[in-house]
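Thanks for sharing this one. Here are a few notes to read alongside the coordinates, set out as numbered points.

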Amino acid sequence: MARRRCVPRRVMVAARALLFWALVYSYCGVCACIAGLRLLWSIGRRPGETFRWVVRENPPACLNDPSLGTHCYVRIKDSGLRFHYVAAGERGKPLMLLLHGFPEFWYSWRHQLREFKSEYRVVALDLRGYGETDAPPHKENYKLDCLIADIKDILESLGYNKCVLIGHDWGGMIAWLVAICYPEMVTKLIVVNFPHPSVFTEYILRHPSQLIKSGYYFFFQMPWFPEFMFTLNDFKVLKSLFTSQATGIGRKGCRLTAEDIEAYLYVFSQPGALTGPINHYRTIFSCLPLQHHEVIMPTLLLWGERDAFMEVEMAEMTRIYVKNHFRLTILSEASHWLQQDQPDIVNKLIWTFLKEETKRK
């Protein structure tokens with residue numbers, strides 16, 4: 001009898017898996033068709049401009065601004081990868097580790113590097129595959145367990161056993177997972193515009209509007225085509241992500257300067273520079289949902305309500321997974337790029353949270 005019961009259960013599991021991957025690849029196809037139509041439209045309107053791609057040879061001065069800190073490198077023994085980071089503040093002070101999102105790099109934390117170096121050793125990392133950090137060639141090298149292990153190994157290589165961990169967007173996803181898997185290494189967790197990963201996976205399957213906003217997750221499953229689309233019109237997509245009315249920093253935000261934009265273009269215009277970052281997404285569907293969920297350290301979640309990619313309802317839902325002090329602050333006039341959009345407010349909120357004496361629930 002027990003054996004007979006197992007057969008339908010296995011069939012159900014296989015059927016659900018088949019349905020899940022059918023959804024993933026079907027939506028991937030839809031996103032690819034939309035991108036193809038946009039490409040044809042661009043060729044029809046401006047054929048000479050569509051395929052223009054300028055590789056920036058020299059970094060803008062802002063990337064070597066001494067007020068931001070010192071450029072450093074560390075090689076991880078287990079993986080053999082060399083990581084680039086910018087560090088500000090004296091060695092020996094408590095560590096604050098900053099994890100950027102997509103399509104960003106260490107420079108997205110420039111306002112926080114200047115702000116917190118008075119009391120912390122502030123380290124803004126280039127994640128695996130980004131900027132001057134090594135980029136393994138195979139997408140399997142970007143699975144979530146590899147990205148989590150990177151943070152653990154970097155922490156140890158820097159001579160620390162714990163830190164204040166701050167992540168934005170995709171870096172927020174990694175920060176949540178590090179806090180779940182290595183809670184002893186995180187004294188306080190601060191996440192900007194990314195919900196607890198379990199909230200994200202549950203919410204996206206039940207809300208078509210969020211599924212549409214996360215369409216790039218599916219589009220990025222394709223080989224080479226997403227990278228190609230980013231290069232069109234000299235990285236028009238990259239520029240519009242930060243500057244357009246729909247997705248960019250809002251009217252009341254701290255807009256990016258022309259030099260800031262050039263910093264992004266310098267990093268991502270290099271040959272092959274987009275493949276590593278997009279590979280982060282190419283393994284995501286085989287890594288979620290999570291086996292473990294609870295976060296046990298004090299947690300601050302900051303959210304820009306005008307986020308074009310993440311619905312604000314997920315922010316409040318995150319509360320159930322944090323088994324300690326949890327503070328949520330939603331900024332009504334802020335965009336997805338919150339720590340760049342409203343740096344003064346964000347820094348003030350972080351200072352308040354860091355100085356609070358909190359007790360576990």
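1. In this predicted model, helix α6 buries Pro-197, Ser-198, Val-199, Phe-200, Thr-201, Tyr-203 and Ile-204. That is seven of the 10 residues in the helix, which spans 197-206 and is mostly covered. What do these buried residues pack against? Their partners are α5 (170-181), α7, α8 and α12 (313-317).

2. Strand β3 is a nice one to look at next. Five of the five residues in this strand (95-99) are buried, so the rest of the structure largely encloses β3. In a regular strand, side chains alternate between the two faces of the sheet. Both faces of β3 are covered here: one side carries Leu-95, Leu-97 and Leu-99, the other Met-96 and Leu-98, and all are buried.

3. Which strand pairs with β3, and in what sense? The partner is β4 (residues 121-125), and the two run parallel, joined by five bridges. If you would like a place to check the register, Met-96 has Val-122 of β4 as its bridge partner.

4. Now for the largest pocket, which holds about 1,300 Å³ of space. Its lining comprises 40 residues, and those nearest the centre are Arg-38, Met-229, Val-237, Ser-240 and Leu-241. Helices that each give at least two residues to this lining are α1 (2-45), α7 (208-213), α8 (215-219) and α9 (225-243). By class, the lining of the pocket has 23 nonpolar, seven polar and 10 charged residues.

5. Helix α9 also contains Asn-233, and I would pause on this residue. Is Asn-233 buried or exposed? Its relative accessible area is 17%, and because the cut-off for buried is under 20%, Asn-233 counts as buried. Setting aside neighbours within four places in sequence, Asn-233 is in contact with Ser-42, Glu-49, Thr-50, Arg-52 and Lys-239.

6. Last, the cysteines. How many disulfides does a search of the whole structure find? The result is zero. Cys-62 is in no disulfide, and the nearest cysteine sulfur, belonging to Cys-254, lies 13 Å away. Likewise, Cys-254 is in no disulfide, with the sulfur of Cys-62 as its nearest, 13 Å away. A disulfide needs the two sulfur atoms within 2.5 Å, so this pair does not qualify. The surroundings of the two are also worth a glance: Cys-62 is buried at 8% relative accessibility, whereas Cys-254 is partly exposed at 34%.

Key
Residues are numbered from 1 along each chain as its sequence is written. This is a predicted model: local features need pLDDT of at least 70, side-chain atom pairs count only at pLDDT 80 or more; totals for chains, interfaces and linings use all residues. Side-chain values use heavy atoms; hydrogens and water are left out. Buried means under 20% relative accessible area, exposed over 50%, partly exposed in between (1.4 Å probe, protein chains only). On a 1 Å grid over the protein atoms alone, a cavity is a set of points where a 1.4 Å probe fits but cannot get out, and a pocket is an open set with protein on both sides within 12 Å along at least five of seven lines; lining residues have an atom within 4 Å of a point. Grid points are joined across faces, edges and corners, and a volume is the space filled by probe spheres set on the points. Helices (H or I, at least four residues) and strands (E, at least two) are DSSP runs, numbered from the N terminus. Ala, Val, Leu, Ile, Met, Phe, Trp, Tyr, Cys and Pro count as nonpolar, Asp, Glu, Lys and Arg as charged, and the others, Gly among them, as polar. Contact means heavy atoms within 4.5 Å. Two strands pair if DSSP finds at least two bridges between them.
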